[in-house]
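Hi everyone, thanks for coming. I have a structure to walk you through today, so let's put it up on the screen.

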Amino acid sequence: MLHRRATDLIEPVEEIEIAAAVGMAARRGSPLFICGNETKSAMLRPVQAARTLSTRAHVGITLYSPQELVISARAGTPLATIEAAVAEQGQHLIAEPPDLSTLFGSTASQTLGGVVATNLSGPRRIAWGAMRDHVLGIRAVNGVGDVIRSGGRVLKNVTGLDLCKLLTGSHGTLGVITEVTLKVLPAPEAVGTIVLPGLDAEAGVAALSAALGSPFGVSGAAWLPAEAAARVPDLAGFAAAVALVRIEEFAPSVAYRARKLCVDLGLAAEIVEDAASRAIWRAVRDAVPLPAAPDDAVWRVSVRPSAGPGVLRAVAAAGVRGFLDWGGGLVWLAGPADNATHDAVVAAAQAAGGTWTLLRAPEPLRAAVAVVPPEPAVLARITRRVKAALDPEGILNPGRLYAGL
Amino acid sequence: MIRQPAPKADVLARRDLIVAGLARLLPRDGVIAEPVRLRAYETDGLAAYRQVPLAVVLPETTEQVAAVLRYCHQNGVRVVPRGAGTSLSGGALPMADAIVLGLMRMNRILDIDYADRCATVQAGVTNIGISNAVSGQGFFYAPDPSSQLACMIGGNVAMNSGGAHCLKYGVTANNLLGLTIVTIEGEITHIGGAHLDAAGYDWLGLLTGSEGQLAVVTEVIVRILHGPEGARAMLAAFRSNEVAGACVAAIMASGIIPVALEFMDRPAIHACEAFAHAGYPLDAEALLIIEVEGCVAEQDDLLQRLSAVCQHFDPIGLKVSGSAEESAAIWKGRKGAFGAVGRISPDYLCMDGVIPTSRLPDVLGRIAAMSDICGLKVANIFHAGDGNLHPLIMFDANDPASLATAEHFGADILRLCVEVGGCLTGEHGVGVEKRELMGTQFTDIEIEQQRRIKSAFDPDWLLNPNKVFPLREAA
């Protein structure tokens with residue numbers, strides 16, 4: 001982006017300064033590019049803004065009460081800092097947010113605010129919910145510079161409208177998130193993975209569906225074609241497509257459940273133990289299996305799990321390849337970064353009744369196409385009104401999700 | 001008593017016209033206007049408040065809901081959506097100048113998809129009805145509010161209902177995939193679907209728990225889960241609330257998240273035991289019911305670990321269930337708690353504040369002190385793992401002074417919840433009951449922000465009026 005003069009970058013340390021900066025921009029009607037460490041700024045539509053407002057200097061864990069399962073931190077806090085703090089107490093972030101820095105070619109450390117603003121969740125999402133499911137409380141600055149809070153620091157809260165959910169995943173277009181409280185849970189004592197080699201996508205997803213519909217608390221379910229599996233060191237040896245089923249529990253339960261599930265599935269299977277399992281799911285989380293050339297576009301398509309294989313098949317002719325997470329429902333795709341290929345991905349997602357996100361592409365393509373599905377007229381009208389209710393001057397990340405908004 | 005504003009005279013004057021207009025949009029028996037039949041809708045689970053509505057409409061399809069809302073929008077008629085009417089916060093309390101839009105005839109399960117683990121149901125299907133429909137395949141719908149036999153999924157969505165098992169499985173918002181909604185303008189639209197995490201704004205999350213302020217929900221796509229191999233409960237009794245509270249914290253820090261962790265204080269124990277004969281120790285000051293899931297060996301292992309944690313707190317009773325029957329006996333008292341308290345005192349208010357669990361002993365001590373001062377008894381039953389308190393304040397509805405005292409006591413408890421870092425409501429919603437307390441939790445700026453979002457959906461403020469937001473004198 002053009003605006004790289006130091007004077008055009010605002011990095012406040014305090015929330016009150018963030019509020020002042022937004023308030024001034026609102027009075028001037030001067031758009032702001034809202035970000036954390038910009039690790040994911042290359043996703044969605046490019047933002048045209050004179051100035052950049054980053055929360056990266058607004059850092060620090062403000063509350064951590066392990067026995068109450070809550071942690072609060074300012075938006076600029078590196079996610080790695082939070083992950084380390086909870087790991088020290090034997091806990092983890094439930095939604096397992098991915099680190100897509102390799103995918104986006106970024107060397108910076110993603111912030112808590114950035115992860116919440118993009119609502120990106122990892123493999124555990126299929127069983128335990130998305131980032132948005134675990135945001136208990138939020139502080140944010142709306143588009144006129146008011147500090148607003150929603151939720152709190154307790155595990156249950158239905159007081160008033162749930163702006164935590166609205167702001168999570170809003171990509172900085174409705175407010176500048178300044179502080180977040182997350183629910184955390186005890187990290188599992190052990191992790192085990194059932195690897196089912198040699199299944200095609202349909203058979204693989206059928207096996208994942210059987211596993212997810214079992215009583216054994218499966219917390220990850222992915223299918224990788226052979227070329228994707230080859231990119232994960234602990235899976236390369238199979239030299240085949242693999243369906244992966246994860247169990248996270250106390251050690252005896254992992255052993256028992258994996259064994260039982262293998263018997264119930266009745267398929268050739270191998271059980272991968274703890275350390276290798278963790279490495280495999282970290283790779284799946286971060287889209288390492290995705291065979292993306294450096295100049296390829298990358299999409300995430302979300303469909304009903306049983307429709308995942310059909311999406312892969314439908315886009316193959318357009319030179320798009322990928323793998324499946326979330327039991328088949330999350331389709332990671334990579335292919336040529338052009339309009340025709342994007343249209344093919346969109347058509348496949350729509351045919352399956354699902355949605356898409358253009359996650360990575362050169363700026364001209366991201367500016368030219370619908371990076372997320374256009375909303376039906378009724379919702380588009382509500383979107384405009386809600387945007388105006390929070391950001392009446394339209395200064396927060398204008399155009400990031402939808403052109404003209 | 002909570003004040004309700006005077007009805008709009010012009011709407012009351014048009015009543016016959018409005019009833020006739022609505023009757024044209026619905027099947028023959030779809031509009032109720034006779035005073036004697038309207039009485040059935042005059043209250044909900046907050047029974048101290050009653051108001052006969054202008055009329056009741058009972059649509060059978062989403063299109064009929066849309067026609068009704070379009071008519072109401074065009075004619076300036078306000079609308080109170082209603083499922084089974086089990087709201088404990090007055091969320092479905094009618095208004096004299098508003099129609100009640102009852103969704104109970106939309107009670108069909110439209111689709112069950114075990115492979116993709118979701119079910120599509122109409123808003124008037126009961127919560128337990130979903131689980132019953134899928135239990136043959138070993139599946140269930142996770143949120144389990146106490147009213148689950150009666151309450152409907154549309155109301156669950158509106159209030160973001162919880163239950164005893166949400167410590168593990170989450171609340172309604174965490175178990176939804178999609179909605180069909182009708183806007184106040186009478187437009188039908190779909191949100192989400194059988195897939196996870198739609199791109200764009202999280203309308204599903206915003207609508208869930210919006211208490212009928214934003215739109216009317218007519219269909220819901222829920223996640224269904226396969227049940228565990230089994231579940232078993234244990235019971236631990238302690239000498240004081242403080243000790244039991246410390247034990248809760250130790251359990252949460254132990255790395256085990258029980259599927260349920262329920263707390264009862266001495267008055268609750270006595271009430272439940274007299275009612276259900278569940279075998280609760282009557283010399284205990286506090287009692288925990290803890291449930292775990294898994295195969296028998298896993299249950300044994302977890303219950304053994306939990307027993308070891310409890311042993312550090314000098315329990316006066318520790319009973320690990322040996323069978324499903326014994327677990328049912330342990331749960332029997334807890335599940336009958338509301339009925340049990342109702343036997344002691346025909347009238348009670350069920351409060352719903354949430355506190356940080358570390359403040360448990362302190363808050364219970366202060367509630368006891370308030371109870372002494374105001375002279376009303378209170379029994380505490382709550383979801384200890386997530387700090388969701390349900391103090392049951394006993395009063396005499398025949399004595400207006402007693403109700404007023406009970407309401408003040410309840411409001412003081414909720415203020416205390418906010419003061420210690422918690423919130424006004426964990427699962428019952430704000431409704432009418434807690435409307436005027438919103439200012440204790442939110443600043444004026446924050447309430448204004450919420451109002452603007454409400455206006456974005458419902459510019460004329462026709463949907464579920466005089467709920468959630470503090471009344472304005474000018475309004």
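I'll go through chain A, then the contact between the chains, and then chain B.

Please keep in mind throughout that this is a predicted model.

Let's begin with chain A. The domain assignment splits chain A into domain 1, covering 1–187 + 374–405, domain 2, covering 190–285, and domain 3, covering 297–368. If you follow the chain on the screen, notice that domain 1 of chain A is written in two pieces, 1–187 and 374–405.

How far apart are the C-alpha centres of domain 1 and domain 2 of chain A? The answer is 33 Å. Where these two domains touch, eight residues come from domain 1 of chain A and ten residues from domain 2 of chain A. On the domain 1 side of that contact, we have five nonpolar residues, one polar and two charged.

Now the chain as a whole. Chain A holds 15 helices and 17 strands. Its radius of gyration is 21 Å, and the globule rule gives 22 Å for 405 residues; the two are close, so chain A is as compact as a globular protein of that length. If you like to think in boxes, the C-alpha atoms of chain A fill one of roughly 65 × 50 × 40 Å along the principal axes.

How much of chain A is buried? Of its 405 residues, 59% are. And if we take the contacts in chain A with a separation of 6 or more, 72% of them join residues 24 or more positions apart.

On to the contact between the chains. Chain A brings 67 residues to this contact, and chain B brings 73 residues. Several elements of chain A supply at least two residues each, among them strand 8 (147–151), strand 9 (176–186), helix 7 (201–212) and helix 10 (251–265). Which element of chain A gives the most to this side? That would be helix 15, with seven residues; you can find helix 15 of chain A at 377–390. Sorted by class, the chain A side has 29 nonpolar, 25 polar and 13 charged residues.

Now let's turn to chain B, and to one of its sheets. Here four strands make an open sheet in the order 1-2-4-3, with mixed pairing. At the edges sit strand 1 (31–32) and strand 3 (78–82) of chain B, each of which pairs on one side only. Strand 1 of chain B runs antiparallel to strand 2, residues 55–57, and two bridges link the pair. For a detail to look up on the screen, Ile32(B) has Val56(B), in strand 2 of chain B, as its bridge partner. Lying across strand 1 and strand 2 of chain B is helix 2, residues 15–23, at about 10° to strand 2.

Chain B also has three assigned domains: domain 1 (109–226), domain 2 (231–338) and domain 3 (345–419). The C-alpha centres of domain 2 and domain 3 of chain B are 22 Å apart. Their contact involves 17 residues of domain 2 of chain B and 14 residues of domain 3 of chain B.

What supplies the largest share of the domain 2 side? Helix 9 of chain B does, with six residues. By class, this domain 2 side has twelve nonpolar, two polar and three charged residues.

That's my tour. Thanks for listening!

Definitions and conventions: Residues numbered from 1 in each chain as written. Chains lettered and ligands numbered in written order. Predicted model: local features only at pLDDT ≥ 70, side-chain atom pairs only at ≥ 80, totals over all residues. Domains from an automatic or database assignment. Contact = placed C-beta atoms within 7 Å. Nonpolar A, V, L, I, M, F, W, Y, C, P; charged D, E, K, R; others polar. Rg over C-alpha atoms; globule rule 2.2 N^0.38 Å. Buried ≥ 20, exposed ≤ 12 C-beta atoms within 10 Å, placed from the backbone. Pairing = 2+ DSSP bridges. Axes fitted to C-alpha atoms, helices over the stretch in contact; angles between N-to-C directions.
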